[in-house]
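Q: Please take a close look at one part of this structure and set out what surrounds it. I would like the cut-offs behind each term as well.

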Amino acid sequence: MEIKCFPVGAFRVNTYLVKDEETGQCAIIDTGESDELVERLQALQPAPDIRMILLTHAHLDHAGGLKQLQQFFDVPTYLPRLEQALFETLPKQGDWFGAPHMNRPCGRIDNWLDDGDVIDLGETQLHFISTPGHTPGQGCYYDEHDIFVGDTLFAGSVGRTDLPMGDSRLMKDSLHKLTTLPERLRVHSGHGPVTTLAKEYETNPFLQFLR
Ligand SMILES: [Zn+2]
C-alpha cells in the first residue's frame, strides 16, 4: 500500500489516503472535522480513485467531517458497529469540549464492522480488529505491513479513556489483543508520528504492563 498522511483540522488529526498499488484503488481513513481534507484531496494530481471511507472511531475529530467529505466523495463508508451510539452524539460532541461550534451532523454509514471483518481494497485485504477502550467500538485496520490504529495507540502513549463512553479496563484488554499481531507492523496513529508495534512494546511507558 502507498500511504499519504494529512494532518487536518483544529485537532491536527492524522487522516490517511491509502492506495492499493496493483489497481490504484484508494481508501480514506478518518475525516477530520473541517473541510480541510476535501481540499487536500482535491488538490492531488492525478485525482485519486477513492473507493471507500473507513472510520476508526466516532469522535468528532475523526468522523465529524464525514458529511462534507461524502458530498465530494460519495463512496461506501465503514464504521465499527459498536460505535453507533457514540456516532449519534456527533451533533453534541462539541459541547463536551465547551466548543458548540464543533458540533457536527452525522454522515451516512453504509457498513457496520465487526471484529475480524475483512475489506477488499483492490488486491489489498484490510483486516478489521476491534480495540475498544478509548471509545466503545474503536477499531484498527491492518494489512501485512501497516496498521491504522486511530486513538488506540500513539508513539510513546495510548488513547485517553476519561471521555464519555471510555473504559480503561477494555483499553488494557485491547492493547493486550494487539500483541497477537506481527510486531513489525508500522503503526499509523490518529495523532503524532509513525512508529512500529515492536518499538512501542519496547519503549512505550503505557505498555509496561505487557512486558
Ligand atoms: Zn478519539
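A: What follows begins with one residue and then turns to the strands and the chain as a whole.

The model is a predicted one, in which local features need pLDDT of at least 70 and side-chain atom pairs count only at pLDDT 80 or more, while totals for chains, interfaces and linings use all residues. Residues are numbered from 1 along each chain as its sequence is written.

Ser130 is found in strand E8, which covers residues 124-130; helices (H or I, at least four residues) and strands (E, at least two) are DSSP runs, numbered from the N terminus. Ser130 counts as buried because 21 other C-beta atoms lie within 10 Å, where buried requires 20 or more other C-beta atoms within 10 Å of the residue's own, exposed 12 or fewer, and partly exposed in between, with C-beta atoms placed from the backbone. Once its neighbours within four places in sequence are left aside, Ser130 is in contact with Pro80, Leu82, Asp115, Gly137 and Gly139, contact being defined as C-beta atoms, placed from the backbone, that lie within 7 Å. Cys140 is 10 residues away from Ser130 along the chain, and their C-alpha atoms are separated by 6.5 Å.

One of those contacts, Pro80, leads to strand E5 (residues 77-80), which runs parallel to E6 and is joined to it by three bridges; two strands pair if DSSP finds at least two bridges between them. Within this pairing, Leu79 stands opposite Trp112 in E6. Both strands belong to an open sheet of six strands with mixed pairing, in the order E1-E2-E3-E4-E5-E6. Strand E1 (2-8) and strand E6 (111-113) stand at the edges, each with a single partner strand, so one side of each has no neighbour in the sheet. From one strand to the next, the twist averages 25°, with axes that are lines fitted to C-alpha atoms and angles that run from 0 to 180 degrees between N-to-C directions.

Elsewhere, strand E10 (residues 146-150) and strand E13 (residues 186-189) run parallel and are joined by four bridges, with Asp146 opposite Arg186 in E13. E13 also pairs in the antiparallel sense with strand E14 (residues 195-196) over two bridges, and Val187 has Thr195 in E14 as its bridge partner. These two strands form a hairpin with five residues between them, and Gly192 in the turn has a positive phi of about 90°.

For the whole, the protein chain has seven helices and 14 strands, and buried residues make up 44% of its 211 residues.

Conventions:
Contact = placed C-beta atoms within 7 Å.
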